[in-house]
Structure formats: structure tokens, C-alpha cells
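User: I am new to this structure and would like a short tour. Could you take me through it step by step?

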Amino acid sequence: MDTARLNRFISGLWDDEIVPQLIEYIRIPNKSPMFDPKWVEHGYMDAAVKLMETWARSKLSSLPGAKLEVVRLEGRTPLIYIEVPGTGDDTVVLYGHLDKQPEMTGWAEGLGPWTPVLKGDKLYGRGGADDGYAIFGSLAALLALHEQGVPHARCVVLIEACEESGSYDLPYYVDHLADRIGNPSLVVCLDSGCGNYDQLWLTTSLRGMTGGELTVQVLEEGVHSGDASGVVPSSFRILRELLSRLEDQETGTIKPKELYVDIPQQRIDQAKKSAEALGTAIYDKFPFVQGMHPVTEDLTELVLNRTWRPQLAVTGVDGMPPLESAGNVLRPKTSVKLSLRVPPTLSGAKAGQLVKQLLEKDPPYGAKVTFKLEKDGSGWNAPQLSPWLEEAVAKASETYFGAPAAYMGEGGSIPFMGMLGEKFPKAQFLITGVLGPHSNAHGPNEFLHIPTGKKVSMVVADVVAHHYAQGAKA
């Protein structure tokens, strides 16, 4: 394969077609169902599907025998299914998603979640990097192979619309399409992160997640705080006490030992190498306020904290009026949304039940305490890389990035990986992505680093070609 020619083809396709398509995609507020319960009526998800479907169909003539179907199961988000014939009986699955996180506040002047802005090599707006580019990058890789007549295995592209809600629809589609998907020996996922934009990063593990709504109610209605304070316990204080059952408020350490696992030595060694490669970029990438510092100066511990240890975030609050409307009232209840990341090899369902029991048992003062579980996704720990894949990744990183490949776990979740890992235990996994420093997925000012998107597409093409070549030799 002519790698320079591959580079030119993919770079040109990104500049001429993919970036303009992503600009239009960013304009669509197709929030995931958890954040837009009326997604069907609003029609934004269908609009995003139509945009991707239209572009993909325009490319099928260059992929002989390729077929595309938008699969719609009753009452579920749609899924784009593309099948590209190949040589031999083997199968490669390429995965991504098209649903988005909600708006979030704090966007810089001139930027916004549904306002695409191209600044230099960065495309700002919600969903471009997480992970609207996946279908375009996957097809760009296959188109580049066909442009040179490079053989590859049969490829199946799956683009779901429920990932940001925990992929609860995806198992039904995987079962529905099981015969058509087949038994892949390689799974490619472009929904992950990168430690920097200078080298290829492979994701070795993903944390699971559980969480939901914790509500503490003490009264049927609000009452004068001057009358009730000192008599009626504050719902906020009780909530604070309950959270301390789960988290040490001074260190952020999660208390229940059942929420920890033994970290494999290989992952500890990889964390040390990642810390050496990234240095203070591990935390410098975050927009700390002046004078703020990370939880520890030990860089390896920071990597392990965000990849293999449980951590809690309070992501929302209810029951509190805005500051300008906050009268002298002892409020009847307080609710918070909890997001608990759990280690890759811990059952998300068991973790959720443990947290629910921990928070609801023996409520202080007999308050009404409820924890409504919403998420229970387990994480994923990658299998050992086959020698051919390790060699292909190393070569591709040097060829397209000009630097060695790096390996690190991710703190986020991709439920599909755990699902496929269980269904196809012998499959190899190439998990990578474009979410690097300051790209800020889920937050304000999210951007796609276009050069990295191009290079990742090139890597996918190269690895898919190597996958076929090693199979042909076997």
C-alpha cells in the first residue's frame, strides 16, 4: 500500500466533504434520549441519521456490493447498518454513535453547542469529536483502500443513536442483526480519547458507570427558615451526610471496598509509561481556576485514579431555587444526580445496587430518602493484543503520526465494548479516538482536532489492511 497516496486521499476527502458534513451535523441538536425524552417528536435524531445516510449512500458506488440500511426497532432509537463486502470469510466491525450530550453552560463568546465554528485546525461544536466523525472516518478508511485496490475483510459499520444514554437500545440491535454481523475477529471503535495529538493512543480499558437521582425529603412543603431551622433537619445537610457514606469529603476517595478491584500489573506499568509521556499534561489540560491543583502530584496515581478507581461526580441538582429567587425558606427536599465511575472489571449492576442500599438504609431523622437508579453499565478491559495487531499499530503510529503508539485506559464508558467483549471473546480490539487535551467532550467548547481525525482514519485503513494480510498468511 502506498501510504503517501493514502494520506493524500483521506486528507482530501476530509477537507472537501467530511468537514462540511460535520459542520451541518453540529447544527442538529440531536440530544440522546436521556436528555431529550421527546426525541421522536422533535425529529432531530432522524435529521442526523438522514444527513449521515445521505452522505454514506453517495459513497457506496465506490464500494462494490456495499449496502446501507437504517434499522428501526419498535420504540427504539435508530441504527445505521452498513455492510461492505470483502475478501475471505472474516469480519471487521467498525463502531460509532451519532447521539449527543446536552448543551452545558460556559461556552466561550461566539461558540455554542449547535453553532459550528472552524478555527484553524479545530472544529467547535457539540458532537463532532464525540463522535459524529466516526461514520465518516470509517468509510474514508475503506474508500482509501478501494482507491488503491488493497484487499480487506468484510466490514460492518454500526452507528447507534443511544450511546450517551448508556446504549440501552444497542443489545436489541446486536441480537436482531446477529446473523448479519457474523463473528468479527477485529472490532474498531473511534469513540475514545487520546492523551495528546502527537501519537496514536490505544484505549486499554474503560470504566463502567452507575448512578441516578438521590432525593432527600423532610417536609411536604417549604416553611419559614426562621421558624423551622434548629427544629427541622435540613434536607441538604442530610443529603451531605448520606454522600459521606459513599465518598470521603476531604480526599474524594470512595469508601466502600466492594467498589474496588485489584488493578492488573500490566495496567499499572502502562499507567507509569503514560504518566512519563504526558507529564503535567495529565492535569494541565483542564481549565483549573487560578490557584487550583489536582488531587495529587503523583502523575501515575492520577492516571490510575481516572482509569481504574471509582470516582463520584454530582452532575445536577434540583429542589433549589435560583439565587435571585432564594427566600428565607427551609426547603422541603433536595435532589442530586450522581455519576459514579467504577473500575473496568466491576459489575455496574452490582455497584448500583450496593450504592442504592448504602444511601437508602437507616435514613437520618427518618427522612424520606430515595435513590432512583438510572445507569448500571459495566466497564471493559481489553484482551492481550495479538502480535500482528501490536506490530500494525506500532507501524501505523510511526507512519502517520511520526511517533510511537501509546497505551492508556480511559475514564469514560463505551457500553458497546463490554457487550462485544462478552459476545466475541476471541476478537481483537482497536479502540482509539480524537478526544485529546482541551477537546472537552460533554462540556463547553467541545472541538474536533481535524488533523487527528485524518490520521486516525489513516490508521484504521492501515490496520484493516494488515488484518486481512495476516489472515491471508495464516
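Analyst: Certainly. Please note that this is a predicted model. A convenient starting point is the lining of the second largest pocket, which by class has 11 nonpolar, 7 polar and 4 charged residues.

User: How much space lies in that second largest pocket?

Analyst: The second largest pocket holds about 420 Å³ of space. It is lined by 22 residues, and those closest to its centre are Thr204, Gln266, Gln270, Glu390 and Tyr407.

User: And which elements give two or more residues to the lining?

Analyst: Two or more residues each come from strand 8 (201-206), helix 9 (265-278), strand 16 (406-410) and strand 17 (428-435).

User: Which one gives the most?

Analyst: Helix 9 does, with 7 residues in the lining of the second largest pocket.

User: Let us move to the surface. Which residues form a nonpolar patch there?

Analyst: The patch is formed by Phe286, Phe288, Val289 and Met292, and together they have about 400 Å² of accessible area.

User: Where does Phe288 lie?

Analyst: Phe288 lies in the loop that runs between helix 10 (281-284) and helix 11 (299-308).

User: Why does Phe288 count as partly exposed?

Analyst: Phe288 has a relative accessibility of 35%. Partly exposed covers the range between under 20%, which is buried, and over 50%, which is exposed, so Phe288 at 35% counts as partly exposed.

User: Changing topic to the backbone: which peptide bond is cis?

Analyst: The bond from Asp130 to Asp131 is cis, and its omega is near -5°. Asp131 belongs to helix 4, which spans residues 128-148.

User: What about phi: which residue other than glycine has a positive value near 45°?

Analyst: That residue is Asp362. It is found in the loop between helix 12 (348-360) and strand 14 (368-377).

User: Is Asp362 buried or exposed?

Analyst: Asp362 is exposed, because its relative accessible area is 62% and the cut-off for exposed is over 50%.

User: And what is the phi of His438?

Analyst: His438 has a phi of about 70°, which is positive although the residue is not a glycine. His438 sits in the loop between strand 17 and strand 18 (447-449). Strand 17 is also among the elements that give two or more residues to the lining of the second largest pocket.

User: What is the relative accessible area of His438?

Analyst: The value for His438 is 48%, so this residue is partly exposed.

Definitions and conventions: Residues numbered from 1 in each chain as written. Predicted model: local features only at pLDDT ≥ 70, side-chain atom pairs only at ≥ 80, totals over all residues. Heavy atoms only, no water. Patch = residues over 30% accessible without salt bridge, like charges linked within 9 Å, V, L, I, M, F, W, Y side chains within 5 Å. Areas by Shrake-Rupley, 256 points an atom, 1.4 Å probe, with all protein chains shown as cover. Salt bridge = Lys/Arg side-chain N within 4 Å of Asp/Glu carboxyl O. Helix = DSSP H or I, 4+ residues; strand = E, 2+ residues; numbered from the N terminus. Buried < 20%, exposed > 50% of the residue type's maximum accessible area, 1.4 Å probe, protein only. 1 Å grid on protein atoms, 1.4 Å probe; cavity = no way out; pocket = protein on both sides within 12 Å on 5 of 7 lines; lining within 4 Å. Points joined across faces, edges and corners; volume = space filled by probe spheres on them. Nonpolar A, V, L, I, M, F, W, Y, C, P; charged D, E, K, R; others polar.
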